[in-house]
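Please look over the sequence and the structure below before reading the report that follows.

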Amino acid sequence: MIDKFTDWLRDSAKVLHENAAYLTELDSAIGDADHGANMDRGFAAVVAVLDETSFESVDELLKKAGMTLVSKVGGASGPLYGTFFLRFGTALSGVELTPAAIGSALRAGVDGVLARGKAELGDKTMYDAWAPALDAYDAAVGDGLAAALAAAAEAAAKGRDATVPLEARKGRASYLGERSIGHQDPGATSTTLLLESAARTLA
Ligand code: ADP
Ligand code: MG
Ligand code: MG
């Protein structure tokens with residue numbers, strides 16, 4: 001399982017690199033035009049850690065990824081994604097990696113995002129992709145990890161699309177008020193990329 005989680009982080013880094021210009025373009029409409037650069041820099045640093053360290057367990061791997069994101073990425077997304085991976089890893093410590101355990105650990109990770117960012121559903125943030133993804137995962141978990149992750153990725157994409165008509169109430173985009181309406185949230189977009197990558201690599 002550790003190889004699959006390593007593959008996930010490497011594949012995510014590749015996809016975020018390929019989509020860096022796109023994420024930054026989304027952030028230029030309602031933020032400060034750095035989300036692509038932030039995610040690319042953070043995940044490149046995670047890959048550098050993977051290249052020089054061998055991990056004994058999935059929880060150590062994920063916690064180190066989280067600490068790396070916190071330390072290498074400024075702005076809102078570094079601490080938020082960093083906290084996600086830290087709490088996701090912590091929740092998997094000493095636990096058998098069943099589909100149900102992975103689902104509740106994902107939820108623990110997202111609870112960390114909420115504890116830090118205080119977002120609510122509909123605030124036009126990454127949580128608008130995470131929340132439906134977690135629910136879809138749980139609904140499909142009886143069909144196994146591949147089905148649960150595929151359902152999560154699909155739900156995240158719908159949540160991402162549903163951020164377009166929303167007015168932002170958290171983060172930089174909220175400074176724009178009504179002018180944030182009509183734009184897709186960058187963080188909900190990167191969350192969807194991470195979950196699509198998970199569906200390809202983890203199951
Ligand atoms: P910054 O806004 O500091 O430049 P980024 O551009 O990297 O950071 O990330 C912006 C994304 O972070 C937003 O699109 C949104 O999804 C997410 N975000 C911002 N604030 C919050 C929050 N309080 N809770 C959850 N997500 C948030
Ligand atoms: Mg930004
Ligand atoms: Mg910024």
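## Around ligand 1

Of the 24 residues around ligand 1, those that come nearest are G75, S77, G117, G171 and G187, where a residue is near a molecule if its C-beta atom, placed from the backbone, lies within 6 Å of it. This is a predicted model, in which local features need pLDDT of at least 70, side-chain atom pairs count only at pLDDT 80 or more, and totals for chains, interfaces and linings use all residues. Residues are numbered from 1 along each chain as its sequence is written, and chains are lettered from A and ligands numbered from 1 in the order in which they are written.

The shell around ligand 1 divides by class as follows, with Ala, Val, Leu, Ile, Met, Phe, Trp, Tyr, Cys and Pro counted as nonpolar, Asp, Glu, Lys and Arg as charged, and the others, Gly among them, as polar.

| Class | Shell around ligand 1 |
|---|---|
| nonpolar | 8 residues |
| polar | 9 residues |
| charged | 7 residues |

Helices α3, α5, α6 and α9 each supply at least two residues of this shell, and the largest share, 3 residues, comes from α9; helices here are DSSP runs (H or I, at least four residues), numbered from the N terminus.

Helix α9 (residues 186–201) also packs with helix α1 (residues 2–18), at an angle of about 140° and with their axes 9 Å apart. That makes α1 oblique to α9, since angles under 35 degrees count as roughly parallel, over 145 as roughly antiparallel, 65 to 115 as roughly perpendicular and the rest as oblique.

Notes: Axes fitted to C-alpha atoms, helices over the stretch in contact; angles between N-to-C directions.
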